[in-house]
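Here's a walk through one protein chain, going from the overall layout down to a few individual side chains. Keep the viewer open while you read.

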Amino acid sequence: MKKIIVLIVLLGVMVGGAYGLAKIGIIPVKSMARKSPALRSMLARIGLNSPAVPALRRAAVALPPDPLAAQKRALVTERAALQQERDAWESERQAQQKSTVQAQTASQSATPDPKQLTRMASVYEEMAPEAVTRIFTKLPDGQVIALLRRMDEQQVGLILAASPPDRAARLTLTLSRPDPMQVQAAN
């Protein structure tokens, strides 16, 4: 009994494999069906002698070209170029930030010459407050404070009035504290 079951299973596997191979077009059932009308009718009943078999065989052999392949390649190339441009821009921006930080650090750490500060303060006292404010926006707060400490109070008031409120408040708070240079000189 076991031998019969094994034989039936093996026969089913062989017939199923042959059917699958015929269905995808590897076994040429169309040419066999031309030779025998009886075979043709039997193949038609089980679905193997249909016009779809050659189409399946062609589909298995070669796929049709992708109509969007050229556009996809162009997009991939453009994306790579944009990524390179973005990376270059990012590295340039980081270099600019680094140089700006270095310049600010150097300008803040450099101790200004008191004679030069006094001379520049007298120059700024002669200028219009709006012009001085435009110049002071480009200078670091420490340098502006050092100049304002050497200027006439009336002119300092006009300059602070022409400054943006946030910066004027920050400068006023710093000016209200004792001058660290005078505190060092006193010690």
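What follows starts with the whole chain, moves on to how some helices pack, and ends with a handful of residues.

First, a word on the source: this is a predicted model. The protein chain has eleven helices and zero strands, so if you read the elements from the N terminus on, you get α-α-α-α-α-α-α-α-α-α-α. The chain has 187 residues, and buried ones make up 17% of them. How much of the contact map comes from residues well separated in sequence? Taking contacts with a separation of 6 or more, 61% of them are between residues 24 or more positions apart.

Now go to helix 8, residues 141-149. Which of its residues are buried? They are Val 144, Ile 145, Ala 146, Leu 147 and Leu 148. Those buried residues pack against four partners: helix 6 (114-126), helix 7 (129-136), helix 9 and helix 10 (165-176). That makes helix 8 a handy place to start looking at helix pairs.

Two packed helices are described by the angle between their axes and the distance between the axes. Try that on helix 8 and helix 10, which pack at an angle of about 60 degrees with their axes 10 Å apart. Are they parallel or oblique? Angles under 35 degrees count as roughly parallel and 65 to 115 as roughly perpendicular, so helix 8 and helix 10 come out as oblique to each other. Their crossing is right-handed. On the helix 8 side, the contact is made by Asp 141, Val 144, Ile 145, Leu 148 and Arg 149, and on the helix 10 side by Arg 167, Arg 170, Leu 171, Thr 174 and Leu 175. Sorted by class, that contact has five nonpolar, one polar and four charged residues.

A second pair to look at is helix 7 with helix 9. Their axes come within 8 Å and cross at roughly 65 degrees, and this crossing is right-handed too. Here Pro 129, Glu 130, Val 132, Thr 133 and Phe 136 of helix 7 meet Gln 155, Leu 158, Ile 159 and Ala 162 of helix 9. By class, the contact of helix 7 with helix 9 has six nonpolar, two polar and one charged residues.

Let's zoom in on some of those side chains, beginning with Phe 136 in helix 7. Phe 136 has a relative accessible area of 3%, so it counts as buried. Leaving out residues up to four places away in sequence, Phe 136 touches Tyr 124, Val 144, Leu 147, Leu 148, Ile 159 and Arg 167. There's also a long step in sequence to look at: Phe 136 and Ser 163 are 27 residues apart along the chain, and their C-alpha atoms are separated by 8.8 Å.

Arg 167, one of the residues touched by Phe 136, is found in helix 10. Is Arg 167 buried or exposed? Its relative accessible area is 11%, and under 20% means buried, so Arg 167 is buried. Where does its side chain go? The side chain of Arg 167 reaches the backbone oxygen of Leu 139 at 2.8 Å. Again leaving out residues up to four places away in sequence, Arg 167 touches Phe 136, Thr 137, Leu 139, Pro 140, Asp 141 and Val 144.

Gln 155 sits in helix 9 (residues 153-162). With a relative accessible area of 11%, Gln 155 is buried. A polar atom of the Gln 155 side chain lies 3.0 Å from the backbone oxygen of Met 127. With the sequence neighbours up to four places away set aside, Gln 155 touches Tyr 124, Glu 125, Met 127 and Pro 129.

For a last stop, jump back along the chain to Gly 47, in the loop between helix 3 (37-45) and helix 4 (52-61). Gly 47 has a relative accessible area of 23%, so it counts as partly exposed. The C-alpha atoms of Gly 47 and Tyr 19 are separated by 9.7 Å, with the two residues 28 apart along the chain.

Notes:
Residues are numbered from 1 along each chain as its sequence is written. This is a predicted model: local features need pLDDT of at least 70, side-chain atom pairs count only at pLDDT 80 or more; totals for chains, interfaces and linings use all residues. Side-chain values use heavy atoms; hydrogens and water are left out. Helices (H or I, at least four residues) and strands (E, at least two) are DSSP runs, numbered from the N terminus. Buried means under 20% relative accessible area, exposed over 50%, partly exposed in between (1.4 Å probe, protein chains only). A polar contact is a pair of N or O atoms within 3.5 Å; within protein, one must be able to donate a hydrogen and the other to accept it, and residues adjacent in sequence count only if both atoms are side-chain atoms. Contact means heavy atoms within 4.5 Å. Axes are lines fitted to C-alpha atoms, for helices over the stretch in contact, and angles run from 0 to 180 degrees between N-to-C directions. A crossing is left-handed if the near helix is turned anticlockwise from the far one by less than a right angle, and right-handed if clockwise. Ala, Val, Leu, Ile, Met, Phe, Trp, Tyr, Cys and Pro count as nonpolar, Asp, Glu, Lys and Arg as charged, and the others, Gly among them, as polar. Angles under 35 degrees count as roughly parallel, over 145 as roughly antiparallel, 65 to 115 as roughly perpendicular and the rest as oblique.
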